[in-house]
Amino acid sequence: MCRRSVKIPGKIIISGEHSVVHGCPALSCACTSFIHCHVQHNDDRIITIVSPQLNLILTKTFREIEEIYQNDLSRLEDFRKGIIPVTGILEYKSDILFHAAWKFISRSQPDTGATITLHSDIPTGAGMGSSAAASAAIMAGLCQLTGNTISREKFIEEVTECENLIHGRSSGLDPATVINSGLIWFQDRKAVPVDAISDMEFIVINTGKPESTTGEAVYTVRERFTEDMKARFTDVTLRIKNALTENSGDISSLADHIRENQLLLEEIGVVPQKVADFAGELYKKRLGFKICGAGAVRGNGGGIGILFCEKNQLEEAEKICRAYGYTSFRTGICQEVLPCLS
């Protein structure tokens, strides 16, 4: 029986979360944490999705998958009309996986189905693009299995359409990041590669799973984005980009810019107080930390954040993490190119 495997990186927003939805630039990177997808043929027109981590085994026929897709599209329209909240678009969270499968099925018209097994290094609900990576992994795995290819632009478009069903209206940043790999400058749905400092690494700190979803956070804070706020986010994103590409690895110069970005996120209300206190403690040691992704508009967990620091600062940073009960790990920028791209 034919089997294929692919892996899709997670993403880290270095600067520009929330503001990117309002037309401002964002700086993001594909990271060296992955969703691994193993795909094998079966003889029926069915898709089985298995996730040992989520204790998930789901089997749907092609017809059932199309029905799920169409029903959720209808609820997306209801959301955009203001009839239902963003959390009401998907009937089940696992639907997004079948949306990705349907994108491939409707485009490629395969005669047989597949069993798809997902294993993830990416924390779910932490702001690392796990949903975009999972959708991309399923599409890429099915392409690998059947020998199909897809253009980069079409791939990003289809994963963004899946993301719309989670977030209401995706900026396209997560799909563009996980599919392009590397460090990118993203604005108005266009991704431009950025040459970062070679072998750049940073610390990812998990402050706990947010109680609110990305869609909730985006729609809760959207009225706070005045023209002045947009200008401030744009300015700090540009300064962080310049520090990462022009200062020859002088990480200490980033602390002030990262701190300013964090304060902007606190100002728009997506950083829980405990996480804000944690960021303040780090900055007292001249360590720049900021939340990445949507953050949270309620609860104590803010998702993941990033910290750039020199090796001699690691011990101090880890001590503060332990005091707050947070876990951390090091990651870098993924530069791998997906094999299914035409």
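How exposed is Lys-7, in terms of relative accessibility? In this predicted model, Lys-7 has a relative accessibility of 32% and counts as partly exposed, because the partly exposed class runs between the 20% limit for buried and the 50% limit for exposed. The close-up views below start with this residue and then move on to other parts of the chain.

**View 1. Lys-7 and Glu-336 meet in a salt bridge.** Here the two side chains come together with 3.4 Å from N to O. Lys-7 belongs to strand β1 (residues 3–15), while Glu-336 sits in the segment after β11 (327–332). The two residues are 329 residues apart, so this pair links distant parts of the chain. Glu-336, like its partner, is partly exposed, and its relative accessible area is 42%.

**View 2. Strand β1 also takes part in a salt bridge through Lys-11.** The partner of Lys-11 is Asp-174, and their closest N and O atoms are 3.3 Å apart. Asp-174 is found in helix α5 (residues 173–180), and Lys-11 in strand β1. With 163 residues separating them, they too link distant parts of the chain. Are these two residues buried or exposed? Both Asp-174 and Lys-11 are buried.

**View 3. A salt bridge joins helix α7 and helix α8.** Take a look at Arg-239 and Glu-260, whose side chains meet at 2.9 Å, N to O. Arg-239 is part of helix α7 (residues 227–246) and Glu-260 is part of helix α8 (residues 254–267), so their contact ties together parts that lie 21 residues apart in sequence. Arg-239 is partly exposed, at 24% relative accessibility. Glu-260 is partly exposed as well, with a relative accessible area of 30%.

**View 4. Three residues share a network of salt bridges.** Which residues are linked here? They are Asp-72, Arg-75 and Glu-91. For the wider picture, a search of the whole structure finds 16 salt bridges.

**View 5. Strand β9 is covered on both faces.** This strand spans residues 288–291. On one side are Gly-288 and Lys-290, on the other Phe-289 and Ile-291, and all of them are buried. Strand β9 pairs with strand β10 (residues 304–308) in the antiparallel sense, over four bridges. To find your place in the pairing, look for Lys-290, which stands opposite Ile-306 in β10.

Terms used:
Residues are numbered from 1 along each chain as its sequence is written. This is a predicted model: local features need pLDDT of at least 70, side-chain atom pairs count only at pLDDT 80 or more; totals for chains, interfaces and linings use all residues. Side-chain values use heavy atoms; hydrogens and water are left out. Buried means under 20% relative accessible area, exposed over 50%, partly exposed in between (1.4 Å probe, protein chains only). Two strands pair if DSSP finds at least two bridges between them. A salt bridge is a side-chain nitrogen of Lys or Arg within 4 Å of a carboxyl oxygen of Asp or Glu.
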